[in-house]
Amino acid sequence: MTALAPEDTLPGGPGPRPCVAQELADEELAAGLLRGSEDCFAAAYRRWGALVHSLAARSLGDSREAEDVTQQVFMAAWNGRLGYRPERGPLPGWLVGITRRKIADALSARTRRGELAAATAARLQLTETGTAGRPESALDRVLVGTELGKLPQVQRRILHMAYYDGLPQTRIAELTGLPLGTVKSHVRRALHRIRRSMSGGDAER
């Protein structure tokens, strides 16, 4: 996902370019943001976007994921600007607080994806050690093969690249030309469907 360009993505018609807002002091910029000035919001992004991205990249260890978090932080700041209280601290500190929450959300989501992937991958590997002759092993093989065959072509391809070719999701995104977030979404949905089927639940449609 590319970095946020506030002046291109915010609601409303085109306005004056943010050259004047860019010259404002932090307090004036914060006041303009509270008034709903898109110019001030764009200037705030230019002024502190690198800080937010740096914090996210340091915590997540993934530049692309940090870009996603940076966009989430500034859109959350725009949508929740009326919740900012200047008397409680400067605008950069408020943005850092939002950043920490978004980083925590991203790490929690990563943990959930990892747990799901690990549980499903363990079933997908189906090693022969101690289980090759058991009826449940044969059933698992049939079930996995059946569920993989039911997946949409793009999900089947991505899952094969991830679990059989051992490619990281960033590499899969490069090879398929899909955004990293889309690759993650496909993997998540495909694994959830297979996992629910193997646990006896209804497959996700």
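What follows is a chat between a visitor and a guide about a predicted model of a protein.

Visitor: What does the secondary structure come to, in helices and strands?
Guide: In this predicted model, the secondary structure comes to nine helices and zero strands, and so, read from the N terminus on, the elements run α-α-α-α-α-α-α-α-α.

Visitor: And how much of the protein counts as buried?
Guide: Of the 205 residues, 36% count as buried.

Visitor: Which residues have the most contacts inside the largest nonpolar core?
Guide: That core has 25 residues, and those with the most contacts inside it are Trp48, Val69, Phe74, Leu91, Trp94 and Leu95. The elements that give two or more residues to this core are α2, α3, α4 and α5, the last of these covering residues 91-125, and α3 gives the most, with nine residues.

Visitor: What does Leu91 touch?
Guide: If we leave out residues up to four places away in sequence, Leu91 touches Ala30, Leu33, Trp48 and Tyr84.

Visitor: Which residues are in the second core?
Guide: The second core is separate and has twelve residues, including Ile158, Ile172, Ala173 and Leu180.

Visitor: Back to α3, then. Where does that helix bend?
Guide: Helix α3, which covers residues 38-60, bends by about 55 degrees at Trp48. Trp48 is also one of the buried residues of α3, a list that includes Cys40, Phe41, Tyr45, Val52 and Leu60 as well.

Visitor: What is found at the start of α3, and what comes just after the helix?
Guide: At the start, a side-chain oxygen of Ser37 reaches to within 3.4 Å of the backbone nitrogen of Asp39, while just after the helix Gly61 takes a positive phi of about 70 degrees.

Visitor: What about α4, which residue caps its N-terminal end?
Guide: Asp62 caps that end, with a side-chain oxygen lying 2.9 Å from the backbone nitrogen of Arg64.

Visitor: How far apart are the end C-alpha atoms of α4, and what should the helix span?
Guide: Helix α4 has 17 residues, numbered 63-79, and at 1.5 Å a residue these should span 24 Å. The expected span is worked out from one less than the number of residues, and the end C-alpha atoms are 24 Å apart, which agrees.

Visitor: Which residues of α4 are buried?
Guide: The buried residues of α4 are Glu65, Ala66, Asp68, Val69, Thr70, Val73, Phe74, Ala77 and Trp78. Among them, Val69 and Phe74 also belong to the residues with the most contacts inside the largest nonpolar core.

Visitor: New topic: how many salt bridges does a search of the whole structure find?
Guide: The search finds four salt bridges. In one of them, the side chains of Asp26 and Arg47 meet, at 2.7 Å from N to O. This pair links distant parts of the chain, since Asp26 is in helix α2 (residues 26-34) and Arg47 is in helix α3, 21 residues apart.

Visitor: Why are Asp26 and Arg47 called partly exposed?
Guide: A residue is partly exposed when its relative accessible area is neither under 20% nor over 50%, so Asp26, with 31%, is partly exposed, and Arg47, with 24%, is partly exposed too.

Visitor: What does Glu174 form a salt bridge with?
Guide: Glu174 forms a salt bridge with Arg64, where the closest N and O atoms are 3.9 Å apart. That pair links distant parts of the chain, with Glu174 in helix α8 (residues 169-176) and Arg64 in helix α4, 110 residues apart. Glu174 also forms a salt bridge with Arg171, where the closest N and O atoms are 3.1 Å apart, and these two both lie in helix α8, three residues apart, about one turn of the helix. Arg64, Arg171 and Glu174 are thus linked in a network of salt bridges.

Visitor: One last thing: is Thr99 buried or exposed?
Guide: Thr99 lies in helix α5, and because its relative accessibility is 0%, Thr99 counts as buried. Not counting residues up to four places away in sequence, Thr99 touches Val52, Leu55 and Val73.

Technical notes
Residues are numbered from 1 along each chain as its sequence is written. This is a predicted model: local features need pLDDT of at least 70, side-chain atom pairs count only at pLDDT 80 or more; totals for chains, interfaces and linings use all residues. Side-chain values use heavy atoms; hydrogens and water are left out. Helices (H or I, at least four residues) and strands (E, at least two) are DSSP runs, numbered from the N terminus. Buried means under 20% relative accessible area, exposed over 50%, partly exposed in between (1.4 Å probe, protein chains only). A polar contact is a pair of N or O atoms within 3.5 Å; within protein, one must be able to donate a hydrogen and the other to accept it, and residues adjacent in sequence count only if both atoms are side-chain atoms. The bend at a residue is the angle between axes fitted to the seven residues ending there and the seven starting there. A nonpolar core is a set of buried Ala, Val, Leu, Ile, Met, Phe, Trp, Tyr and Cys residues joined through side-chain atoms within 4.5 Å. Contact means heavy atoms within 4.5 Å.
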